[in-house]
Amino acid sequence: MPRRGKKGPKTEEEKLLMLQQKMMAEEEQLRKKERLLNQFLKDKLAKEERNSTLNLNKINTQWRVILREVKAKELRKDIEILSQTFERVVDCKDSVIKSLAKDLTEAEGQYAHALQGHLHNVDELLELQRSRLAYLEECYGEELEALTKEFETERKMIIDQHEKEMRYLQDVYLAMEQNFLDTEYEAKLEFQSMWDDLKNKNLEEKHFLRMQLEGTVEDLWRRFQEALKNYTDATEDRKLAFETLKARDEKSSKEIEMQMKKLQKIQDSIAILRGKISAHTHENEEQNQHIREDKDLVHRQLQKLKQHMSQAQAEARRNLAKLTWESNIALKALKKIVEKGNLILKLAEICRKFETEEEKVLPFYSSMLTPEELKEVEKNDHEEPTIELAKLMENFTGLENFWKRYNKVKLEQLSLQRRRAQLLETNEKLRHMLKQYLDGISVNDEVLSQLNPLFIINQRSNIPSPQTDHSQQQPIYNIIEAAHVVSHTL
């Protein structure tokens, strides 16, 4: 058999390497254990969470069932209580509705009665207002007639003034026209003299220019002949073409002459038309001048009419403002009267509750006058009143029943006030007598501070004694208080 080789001793590096491998293996095992433990704990935690969620849902379900039963019992009790309360409230409401229906029927009757009285009063007020409006309309008609008369007189005065101004303007127009003719004749003479001067000056300049132009023309003609000779020598071959062009030029010149004649005719017609236009313009200027004058005159008249119209409008505006102010015052006064009437009706409704059966049946008392006095009143009614106050009172005859009730209430008020004064006087007397009696049978600071002959202390009264001689002494009497006697006898 071959011999086994022996291993030599291990070096330090190999030992360290083995230790590191061992430690790495242990760390790897520890990490595996930790991962397994973490996974186990996570699974267990998830399972516990699922179980806790399920158990919580079961507990919530059971609690809901229990709470529903408790709440249902409470709601049944509340419903019973609410039903009883509702029945009681319904009964109360029915009784209130019945009482309100009864009050409504009574109020309808009272309203019908009050409405009848109110309509009667309103008819009377309307009749009074109609008479007032008729009076105002009559005043308005009188003022309108006065204004129309004033307007007619003012219109006549304006027309007369207009005619005077027209005659004055015609005189002014004639004078201005005469002045214009004189100035026009002088201007024509001055224009003719200036025109002759300018014509002579132009003829002299024309003669001087003609002499200069003749010298230049001769020089130019000589040069032209030389140029023509040179030209004919140089352009002998083009002469034929020139002849043809010359014939064409003659033909064109004839056509030009014909066109020039036409233009001359047209110019003559234009000159004639211009003369006509100038004549028409002169006539139109004269017509425009007359129209301008008429326009100025009409404009002045229009300004005057506008002034009168503005004055009339201002007067009408003032009258309208015055009428509006008076109508507003009338409306406010009528509104106050309506408010006062409503207040009277409300007070009447309130007072109706305190009326007696007799007043409800017979609201208006019979007359307190004797038959002779009634006959005298009827006789005076047929006569027409002469005093202003009596005439005004005729407008308020419809308020006779109102004044009857008012006077009756006023008399009752005065009688009650007098009765109250009598009762207050009697009460005051009784209070005074009672106070005297109580002061005589009681002892207090107020009684002691006042004079009382029945109260004696140490054989002395609080009433001052009259001045007498000391030699004559008054007899001394023993007086026993009545309250002391009563307390021992009872």
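This is a short talk on the helices, salt bridges and surface patches of one protein chain.

Good morning, everyone; please keep in mind throughout that what we are looking at is a predicted model. I will begin with the overall layout, then turn to the salt bridges, and finish with the surface.

The chain contains eight helices and two strands, and if we read from the N terminus, the order of elements is α-α-α-α-α-α-α-β-β-α. Helix α1 covers residues 12-234, helix α2 covers residues 239-352, and helix α6 covers residues 400-441. As for burial, 2% of the 490 residues in the chain count as buried.

There is also some annotation to set beside this. An unreviewed UniProt entry lists residues 16-51 and 295-322 under "coiled-coil region", and I would treat that label with some care, since such annotations may be inferred rather than shown by experiment. In the model, residues 16-51 are 100% helix and 0% strand, with the C-alpha atoms at the two ends lying 52 Å apart. Residues 295-322 are likewise given as 100% helix and 0% strand, and here the end C-alpha atoms are 39 Å apart.

Let me move on to the salt bridges. How many salt bridges does a search of the whole structure find? The search finds nine, and I will take three pairs in turn.

In helix α2, the side chains of E315 and R318 form a salt bridge with an N to O distance of 2.3 Å. Because E315 and R318 are three residues apart in helix α2, about one helical turn separates them. E315 is partly exposed, because its relative accessibility is 33%, and R318 also counts as partly exposed, because its relative accessible area is 49%.

In helix α6, E425 forms a salt bridge with K429, and their closest N and O atoms are 4.0 Å apart. E425 and K429 are four residues apart, which is about one turn of that helix. Are the two partners buried or exposed? E425 has a relative accessible area of 48% and is therefore partly exposed, whereas K429, at 51%, is exposed, the cut-off for exposed being over 50%.

Elsewhere, salt bridges with shared partners link D219, R222, R223 and E226 into one network. Within that group, the side chains of R223 and D219 meet at 3.5 Å, N to O, and both residues lie in helix α1, four residues apart, or about one turn of the helix. D219 counts as partly exposed, because its relative accessibility is 28%.

Finally, the surface, where I would like to point out two patches. Which residues form the negative patch? They are E138, E142, E143 and E326. Helix α1 supplies the largest share of this patch, with three residues, while E326 is found in helix α2. Why does E326 count as partly exposed? The reason is its relative accessible area of 36%, which lies between the cut-offs of 20% and 50%.

The second patch is nonpolar, with an area of about 480 Å², and is made by I59, W63, I66, L67 and V70. One of these residues, W63, lies in helix α1, the helix that also gives three residues to the negative patch.

To draw the threads together, helix α1 holds the R223 and D219 pair as well as W63 of the nonpolar patch, and helix α2 holds both the E315 and R318 pair and E326 of the negative patch. Thank you, and I am happy to go back to any of these residues in the structure.

Conventions
Residues are numbered from 1 along each chain as its sequence is written. This is a predicted model: local features need pLDDT of at least 70, side-chain atom pairs count only at pLDDT 80 or more; totals for chains, interfaces and linings use all residues. Side-chain values use heavy atoms; hydrogens and water are left out. Patches are made of residues with over 30% relative accessible area and no salt bridge: like charges are joined within 9 Å, nonpolar side chains (Val, Leu, Ile, Met, Phe, Trp, Tyr) within 5 Å. Accessible areas come from the Shrake-Rupley method with a 1.4 Å probe; for residues, only the protein chains shown count as cover. Lys and Arg count as positive and Asp and Glu as negative; His and the chain ends are not counted. The place of a charge is taken as NZ of Lys, CZ of Arg, CG of Asp or CD of Glu. Buried means under 20% relative accessible area, exposed over 50%, partly exposed in between (1.4 Å probe, protein chains only).
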